[in-house]
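User: Before we dig in, I'd like the reasoning behind each label, not just the label. Can you walk me through it?

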There are 4 protein chains.
Amino acid sequence: MKFNVFTEMEYIVKSASTLILNVNALHTAHQKVLTEEFTVSPNIITEELPATAGENRMVRFEVTNPGIIKVAYKATVDNSFKTVDFQGQYEMPVAQFDHTIIPYLYPSRYCQSDKLYRLANDMFGNIVNPFTKVIAITDWIYWHVEYLSGSTNSETSAFDTVTERQGVCRDFAHLGIALCRALTIPARYFTGYAYQLVPPDFHACFEAYINGEWILFDATKLVPLNGMVKIATGRDAADTAIANIFGDVELRTIVVSCELAEEAFEPLKYGHVDYKGIAYL
Amino acid sequence: MKFNVFTEMEYIVKSASTLILNVNALHTAHQKVLTEEFTVSPNIITEELPATAGENRMVRFEVTNPGIIKVAYKATVDNSFKTVDFQGQYEMPVAQFDHTIIPYLYPSRYCQSDKLYRLANDMFGNIVNPFTKVIAITDWIYWHVEYLSGSTNSETSAFDTVTERQGVCRDFAHLGIALCRALTIPARYFTGYAYQLVPPDFHACFEAYINGEWILFDATKLVPLNGMVKIATGRDAADTAIANIFGDVELRTIVVSCELAEEAFEPLKYGHVDYKGIAYL
Amino acid sequence: MKFNVFTEMEYIVKSASTLILNVNALHTAHQKVLTEEFTVSPNIITEELPATAGENRMVRFEVTNPGIIKVAYKATVDNSFKTVDFQGQYEMPVAQFDHTIIPYLYPSRYCQSDKLYRLANDMFGNIVNPFTKVIAITDWIYWHVEYLSGSTNSETSAFDTVTERQGVCRDFAHLGIALCRALTIPARYFTGYAYQLVPPDFHACFEAYINGEWILFDATKLVPLNGMVKIATGRDAADTAIANIFGDVELRTIVVSCELAEEAFEPLKYGHVDYKGIAYL
Amino acid sequence: MKFNVFTEMEYIVKSASTLILNVNALHTAHQKVLTEEFTVSPNIITEELPATAGENRMVRFEVTNPGIIKVAYKATVDNSFKTVDFQGQYEMPVAQFDHTIIPYLYPSRYCQSDKLYRLANDMFGNIVNPFTKVIAITDWIYWHVEYLSGSTNSETSAFDTVTERQGVCRDFAHLGIALCRALTIPARYFTGYAYQLVPPDFHACFEAYINGEWILFDATKLVPLNGMVKIATGRDAADTAIANIFGDVELRTIVVSCELAEEAFEPLKYGHVDYKGIAYL
């Protein structure tokens, strides 16, 4: 599937600052970045950092003089996903996890799975099929947490959301991840561009590691699962912030878009009658 | 410096379980593991995992039959540390951090630096020399948080400790890390064997990244800084747990020891008149 | 119903201190204290305080000399309760509440109903009959929160318990109260002696104000509802602490008992087929 | 001192609702309400409730039909305050507190003094004179918590503010109260109209009970202490909310004002060289 993605952010820089932006589309086995352009105006030297703490393509640059800067990223991306059938599957034992997977079982800043152990097991512990289990988690979040712009902030965590029952995509993802980890299902945060997201913005959802595959889930059900362009994955929003800013800088405006660059698109969401998960590799 | 370290843990295993233990001494440029033995009785096949999420040498094994198991680790380690002079130094800008360092600026499960930004800057923001700054943080913790066994639990985090003012080495380390990160000083959790720790136990302290070196700090001031044998580093206790257990398992007894394997030992703690930090590489 | 209640507490007093104990059986329209004796040894002048912040009979005294003191309370109490039929009842509107009831709608230290509004309404908002609604709350707590001695402490609140899913009678009561208030049902904390409580201890449960009556509920289901001797009611455990101690004092031992002082006793718990609540006036 | 106070609130009522407003000036020994008018348009029968849970003059009314309502309160108030000299004073022992004072030592929803015991004692425990101690608390809050509109919400409590270091008058008052109670100084929340408050709004500060007097403190230092018209006191904002609303109601606009109704006004704030507290009786 081909998408044109775009973002433009205008910052008011008030002191010498370093910005690390995380808006570039990932290069993966199934996601090709056909063309891309990352620009800062006025022109500044930027550096793409090798990924640490998950998958990402962070770009770092210094702004030494106060003023207004405009950062833009524009790309055409061609990606595909894999469909995985979990009919009749059981959970993979921890003993078989690749070592790189294990940290996605640990509690993290916004996903305090250690505090949700009893709740998660009480609610979802009896579901045998791991795919069905995560579907049940996303359905529960969808039905019991209200999507409410502005109801939460950058400090809100899964422990809050499970009780306060309101939030945005970030909070939905954190809660999904925390519940999975509490059930010994590795889970990680996924940020991306999302086709048909209204209003347009960056999107967050999560991947759960089921029988050897990172399967995509989105408790917001706001967009088709096959309209994503992956920017980053990590343990939670701490690893995958769109921008890490060091200095006195204010975001003035932000624009995000994700458009289809080809004709056919058949929106895909999980139903309740099959066991097919989708994975972006 | 040569040390003999030892730990023995007895577990009551009630169901088929997977254990991941994190008690092996690290191999580093300056820490040689001269001899070591990791045993499980009854005998079980174990697997050492390549490190992820920090430095560590986790050992994973499955116990399929209920019963009592005994895990023991014994090693002779020879390590040394580097002394670094920070007299007259300034903070290294974020723009110069190696990319592997940056995740140690992010908030984590037990180190919610995002919530401590104002406090940390109010308390320590004006100290120019970064080494002095972290010394001031550890001194503050030492004087204002009471070391009180049993006062906290595995869910306690820096956000709690900064107000509740009680805890153990783990809590002291988490608070130190969180305050550093809130001041844009990368910091990570350090677990190890500690010579002269009374009563003997695993110890936790932290490393702050100052001008290109990971410098060791210990807000508990319980042990000499030069009596450590490093087991692991990570973002916080979530990355470096002594044991991650998946299954119905109960810890029955634990023994830990760290003895000097040579004669001379001159205990080293930071004073207030010099600027020399120590780094275990 | 006649009960003999008894408690004895031994304190190590290390500095001049003031103690305010809250263990006396209440005098109410339906609870007669036939005989009682409150003693402190060595002998000290005590003062019973008029009730504030709920119903109670707090006793205050000063201990000027360090040493061991023993406080004992012994009483024979005759009480009765009223059975109220809520078949076909609707909720009383706030506009009709007596003004003394309104503070039991406010959030309090351990019952943060303001943070549980969405959760409570999502889970129980559709139940029309107010008695059935509170029965549903207590049943939910009973089935989904594990009674686990030592799992919580004096700082644990309803906001924690609703997620962490473990606690003792105090936590069960706080959660019940918080959920009621979030549903605009006034609710208050009830402490008392409880017949057949194993192991013997003070007990905590709660009262919900339904159609003009304070109806008793106990989410622990540990004891018959008709075996209670009321000590105090208040907004939560902050108002009704068994002991408020000002000074350096350590509790050494505590004994509590509640025995039937007559022959017949038919234990009463709420069933699911009727609408009869019980109220201790 | 004579003041004209005024407030007008416009509500959009979307369903049958009950409102309890708490904006009337108190009648006290030293505060005379010379004239007042509480109106609801369209005209609705209102009921002034006798005070419970602190001092207040809450007004309750039902709105049965959806629509816009306007509530206005206008009064001319003449009040005075007492100056109390605490030079050379010691703390009154708990044993001498009137029983009505004791609940103001308990932790409450937004003032978790139980969690601040060590912090408060570490920071202020050594100050002997109780008036100086509370002055030190208010000074600390003033210097270390930033007054920042919109930085907190109705769920923010003292436990948050002591670490997050930002808030509005409500948060400043909650933290002051919590610290006092942690030091065994009874403290309560005070809401009122405040002369010279910019921008005009309701104001919150607190009273600490020192040697038998409720002395006024304001950690915001935004207004003169002698320009207050008392509306209510209570354990915290839960007891003294300007409006408790039961039903689907939205606040559309609010206007508050407090004007001097006589000529001379000499603003009074506490200095650091005397020991004179002011009390509104």
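Analyst: Sure. Contact means heavy atoms within 4.5 Å, and by that rule 35 residues from chain A and 35 residues from chain B make up the contact between the two. Keep in mind that this is a predicted model, where local features need pLDDT of at least 70, side-chain atom pairs count only at pLDDT 80 or more, and totals for chains, interfaces and linings use all residues. As for bookkeeping, residues are numbered from 1 along each chain as its sequence is written, chains are lettered from A and ligands numbered from 1 in the order in which they are written, and side-chain values use heavy atoms, with hydrogens and water left out.

User: What is the area buried between chain A and chain B, and what does "buried" mean here?

Analyst: Buried area is the accessible area (1.4 Å probe) that two parts lose on being put together, summed over both. For chain A and chain B that comes to about 2,900 Å², with carbon and sulfur atoms giving 60%. On the chain A side, His99(A), Tyr106(A) and Arg109(A) supply 21% of the area buried against chain B, more than any other three residues.

User: What makes Arg235(A) and Asp239(B) a salt bridge?

Analyst: The term needs a side-chain nitrogen of Lys or Arg within 4 Å of a carboxyl oxygen of Asp or Glu. Arg235(A) and Asp239(B) have their side chains at 2.8 Å, N to O, so the pair fits that rule. Between chain A and chain B the count is four salt bridges.

User: How many residue pairs are in polar contact between chain A and chain B, and which strands of chain A touch chain B?

Analyst: There are 14 residue pairs in polar contact, both at pLDDT 80 or more. A polar contact is a pair of N or O atoms within 3.5 Å; within protein, one must be able to donate a hydrogen and the other to accept it, and residues adjacent in sequence count only if both atoms are side-chain atoms. On the side of chain A that touches chain B, β2 (17–21), β5 (59–63) and β14 (243–246) each supply at least two residues; strands here are DSSP runs (E, at least two residues), numbered from the N terminus. By class, that side has 17 nonpolar, 10 polar and eight charged residues. In this scheme Ala, Val, Leu, Ile, Met, Phe, Trp, Tyr, Cys and Pro count as nonpolar, Asp, Glu, Lys and Arg as charged, and the others, Gly among them, as polar.

User: Where are the bounds of domain 1 and domain 2 of chain A, and where do those bounds come from?

Analyst: They come from an automatic or database domain assignment, which gives domain 1 as 2–80 + 243–260 and domain 2 as 82–232 + 268–279. Taken over C-alpha atoms, the centres of these two domains of chain A are 26 Å apart. Contact involves 24 residues of domain 1 and 16 residues of domain 2, and the area buried between these domains of chain A is about 1,500 Å², 63% of it from carbon and sulfur atoms. In domain 1, Glu55(A), Val256(A) and Cys258(A) lose the most area to domain 2, together 34% of what that side buries.

User: Why do Arg188(A) and Glu55(A) count as a salt bridge?

Analyst: Their side chains meet at 3.5 Å, N to O, and the limit is 4 Å, so the pair qualifies. The rule finds two salt bridges across this domain interface of chain A, along with five residue pairs in polar contact, both at pLDDT 80 or more. β1 (2–13), β6 (67–79) and β15 (249–260) of chain A each supply at least two residues of the domain 1 side, and β15(A) gives the largest share, six residues. That side divides into 12 nonpolar, nine polar and three charged residues.

User: Why are β4 and β14 of chain C said to stand at the edges?

Analyst: In chain C, four strands form an open antiparallel sheet in the order β4-β5-β2-β14. β4 (47–48) and β14 (243–246) each have a single partner strand, so one side of each is left without a neighbour in the sheet.

User: How do you know that β2 and β14 of chain C pair?

Analyst: Pairing takes at least two bridges found by DSSP. Four bridges join β2 (residues 17–21) of chain C to β14(C), so the pair passes. One of the bridge partners in β14(C) is Ala243(C), matched with Leu21(C).

User: What makes Thr76(D) and Asn4(D) a polar contact?

Analyst: Their side chains are joined at 2.8 Å, and the limit is 3.5 Å, so the distance fits. Thr76(D) is found in strand β6 (residues 67–79) of chain D.
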